[in-house]
2 protein chains.
Amino acid sequence: MASKSRYPVQAAATTFRVIETLHQLNGAGVSELSEALEMPKSTVHDHLQTLTEAEYLVNENGTYHVGARFLELGGFARSQMKLYQVASPEIKKLAEETGEHANLMIEEHGKGIFLNKSKGPDAVNLDTHIGKRVHLHTTALGKAILSRESEEVVDEIVERHGLPSVTEKTITDIEELKQQLAKIRDRGYAIDDEERVIGMRCVAAPICDENERPIGAISVSGPTNRFDESTFNAEIPKSVLSTANVIEVNMTYS
Amino acid sequence: MASKSRYPVQAAATTFRVIETLHQLNGAGVSELSEALEMPKSTVHDHLQTLTEAEYLVNENGTYHVGARFLELGGFARSQMKLYQVASPEIKKLAEETGEHANLMIEEHGKGIFLNKSKGPDAVNLDTHIGKRVHLHTTALGKAILSRESEEVVDEIVERHGLPSVTEKTITDIEELKQQLAKIRDRGYAIDDEERVIGMRCVAAPICDENERPIGAISVSGPTNRFDESTFNAEIPKSVLSTANVIEVNMTYS
DNA sequence: GCATATGTCCGGTAATGCCGGATGGGGTAT
DNA sequence: ATACCCCATCCGGCATTACCGGACATATGC
């Protein structure tokens with residue numbers, strides 16, 4: 001049809017559309033799904049039946065759910081696994097020290113993925129669950145990662161995903177983004193002032209490998225009223241940076 | 001071909017074979033994969049390219065990895081989510097009280113899946129990661145679940161998956177299994193004496209819904225030498241049963 | 001520079017993914 | 001009780017495409 005199709009196996013793409021939609025709907029029947037997907041019922045049913053038989057979905061009297069099998073696949077590739085293992089105890093400490101939420105993010109296909117989070121004693125609830133995918137430019141974590149990428153990579157990512165705004169404070173101009181990235185490179189940490197969620201501020205630092213290429217980022221985030229000028233610009237960045245440094249050292253020497 | 005195919009979309013099944021093998025190999029190239037799968041290179045490549053383009057896999061200079069996207073899908077259906085949320089703090093307490101490992105399992109497609117685990121202060125390392133799938137009859141958790149299923153369901157499951165042995169103590173005879181299940185129904189809890197891992201014992205209790213149908217099980221497991229006759233048969237079961245009861249109450253009234 | 005790996009690409013064809021329509025069951029209101 | 005509706009499931013056929021053999025470029029090591 002349209003493009004020369006980098007999708008040589010369209011049925012695979014279709015099957016994942018079904019799974020993804022089923023996940024969003026938190027379970028559904030054939031009719032509901034076929035409407036949401038704008039596909040014939042019978043086609044949807046074909047996929048559901050195959051996936052259920054292969055034990056990736058569960059069928060409870062006509063209502064299908066995403067199965068726990070995907071939990072197993074969620075175990076990451078080894079390299080990421082290492083970052084997860086090294087960083088998890090450190091962000092836990094960070095959350096306890098600061099009282100707020102501490103997060104770990106990696107980049108994949110130009111988007112940010114929350115790999116882990118730790119809830120400090122004073123932390124408020126967030127809409128960030130593990131596995132959540134966000135645009136890099138909307139979070140301090142993502143900007144921290146972008147700041148260590150080459151300009152070509154940044155351009156590629158922006159071209160691919162754009163700079164959609166999620167709050168009125170989100171950066172939507174690429175020049176403004178690049179200026180911020182330069183600033184982040186300078187001082188070593190990134191901030192997010194209600195750019196993804198109104199009422200929330202965030203401070204993040206990149207984690208790099210021995211070649212200075214970014215492999216992820218960590219952050220501390222909390223409500224704007226607790227992140228006043230002094231903590232937001234001094235204490236919190238200091239904690240985040242020192243934790244990032246500990247993680248980098250432990251990544252290379254272990 | 002062989003069966004009248006409950007797989008109306010074979011390409012979907014194929015794609016998941018590719019993903020699953022890639023996961024087992026912890027990342028691989030096209031050639032290695034095509035050999036492991038006994039499929040033509042070009043076919044494997046078609047799938048890899050599609051899955052990578054759809055952002056489910058990651059390609060690092062020809063080596064493919066399972067992407068973190070599956071983390072997101074690993075978020076369970078709502079009903080299971082509730083059990084997870086209710087049971088997680090309780091098994092954490094259980095692990096702290098007993099000092100050992102505490103686990104949460106559900107059944108899916110006739111197999112047991114570890115939904116969560118909590119490591120007590122004295123716990124030794126285990127090969128059970130979250131998402132791991134095991135045969136029900138090889139664990140106390142699985143037997144606890146089976147004990148609350150009807151005999152027909154037990155027969156179905158055994159017929160489907162068999163009773164493979166993983167240690168010399170694994171139950172391999174269906175009559176013996178059914179006798180144990182009756183005993184478990186009687187006293188309310190199940191035990192596993194080195195039936196899945198030599199050197200490990202385990203005590204488990206089922207979690208049922210308001211209709212007395214099993215929705216999961218919890219357990220405490222530890223090294224044989226610490227699970228002596230008195231704790232193995234009295235104290236531990238008491239703790240496990242009371243925790244299971246708390247979870248059941250919290251599931252129905254909340 | 002040769003030999004042998006690798007990952008990637010192309011094009012034809014037999015197989016099958018897709019879809020309209022039919023079937024039967026479960027619920028509900030009349 | 002009955003008629004109605006919506007549901008998941010099944011069937012059959014056609015156009016599409018998943019699959020595969022083979023060719024190509026590149027990388028590594030002898």
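These are my notebook entries on a predicted model with two protein chains and two DNA strands.

**Entry: strand 8 of chain A**

I started with strand 8 of chain A, residues 214–223, and asked how many of its residues are buried. Nine of the ten are, so the strand is largely enclosed by the rest of the structure.

Next I looked up its partners. Strand 7 (residues 200–208) of chain A pairs with strand 8 in the antiparallel sense, over nine bridges. One residue pair I noted there is A:Cys202 with A:Ser221 of strand 8. Strand 3 (residues 101–108) of chain A also runs antiparallel to strand 8, and five bridges join the two. In that pairing A:Ala102 has A:Val220 as its bridge partner.

I then checked the connection between strands 7 and 8 of chain A. They form a hairpin with five residues between them. In the turn, A:Glu212 has a positive phi of about 65 degrees.

**Entry: helix 1 of chain A**

I ran a quick length check on helix 1 of chain A, residues 10–24. At 1.5 Å a residue its 15 residues should span 21 Å, and the end C-alpha atoms are 21 Å apart, which agrees. I also listed its buried residues; among them are A:Ala12, A:Phe16, A:Val18, A:Ile19 and A:Leu22. A:Glu20 is on that buried list too, along with A:Thr15 and A:Thr21. After the helix comes A:Asn26, with a positive phi near 60 degrees.

**Entry: DNA strand C**

Which residues come nearest to DNA strand C? Of the 20 around this strand, I get A:His47, B:Pro8, B:Gly29, B:Ser31 and B:Tyr64. Of the atoms of strand C that come within 4 Å of the protein, sugar and phosphate account for 71%.

I pulled some phosphate contacts. A polar side-chain atom of A:His47 sits 2.6 Å from a phosphate oxygen of strand C. For A:Thr43, a side-chain N or O atom is 2.8 Å from a phosphate oxygen of strand C. With B:Gln10 the contact comes from a polar backbone atom, 2.9 Å from a phosphate oxygen of this DNA strand.

Helix 3 (41–53) of chain A supplies at least two residues of the surface near strand C, and so does each of helix 1 (10–24), helix 2 (30–37) and helix 3 (41–53) of chain B. By class, I have six nonpolar, twelve polar and two charged residues on this surface.

**Entry: DNA strand D**

DNA strand D has 21 residues around it, and the closest are A:Pro8, A:Gln10, A:Ser31, A:Tyr64 and B:His47. Sugar or phosphate makes up 72% of the strand D atoms within 4 Å of the protein, and bases make up the rest.

B:His47 has a polar side-chain atom 2.6 Å from a phosphate oxygen of strand D. A:His45 also uses a polar side-chain atom, at 3.2 Å from a phosphate oxygen. For A:Pro8 I found a backbone N or O atom 2.7 Å from a phosphate oxygen of strand D.

The elements giving two or more residues to this surface are helices 1, 2 and 3 of chain A with helices 1 and 3 of chain B. The split here is seven nonpolar, twelve polar and two charged.

**Entry: the sheet in chain B**

In chain B I traced six strands forming an open sheet in the order 5-4-3-8-7-6, with antiparallel pairing. Why is one side of strand 5 (133–135) and of strand 6 (190–193) left without a neighbour in the sheet? Both stand at the edges, each with a single partner strand, so nothing in the sheet pairs on the other side. On average, neighbouring strands are turned by 30 degrees against each other, direction ignored.

At the strand 5 edge, strand 4 (residues 111–119) of chain B pairs antiparallel with strand 5 over three bridges. B:Ile113 has B:Arg133 of strand 5 as its bridge partner.

Methods: Residues numbered from 1 in each chain as written. Chains lettered and ligands numbered in written order. Predicted model: local features only at pLDDT ≥ 70, side-chain atom pairs only at ≥ 80, totals over all residues. Heavy atoms only, no water. Buried < 20%, exposed > 50% of the residue type's maximum accessible area, 1.4 Å probe, protein only. Helix = DSSP H or I, 4+ residues; strand = E, 2+ residues; numbered from the N terminus. Pairing = 2+ DSSP bridges. Expected span 1.5 Å × (residues − 1). Near = heavy atom within 4 Å. Polar contact = N/O pair within 3.5 Å; in protein donor to acceptor, adjacent residues only side chain to side chain. Nonpolar A, V, L, I, M, F, W, Y, C, P; charged D, E, K, R; others polar. Axes fitted to C-alpha atoms, helices over the stretch in contact; angles between N-to-C directions.
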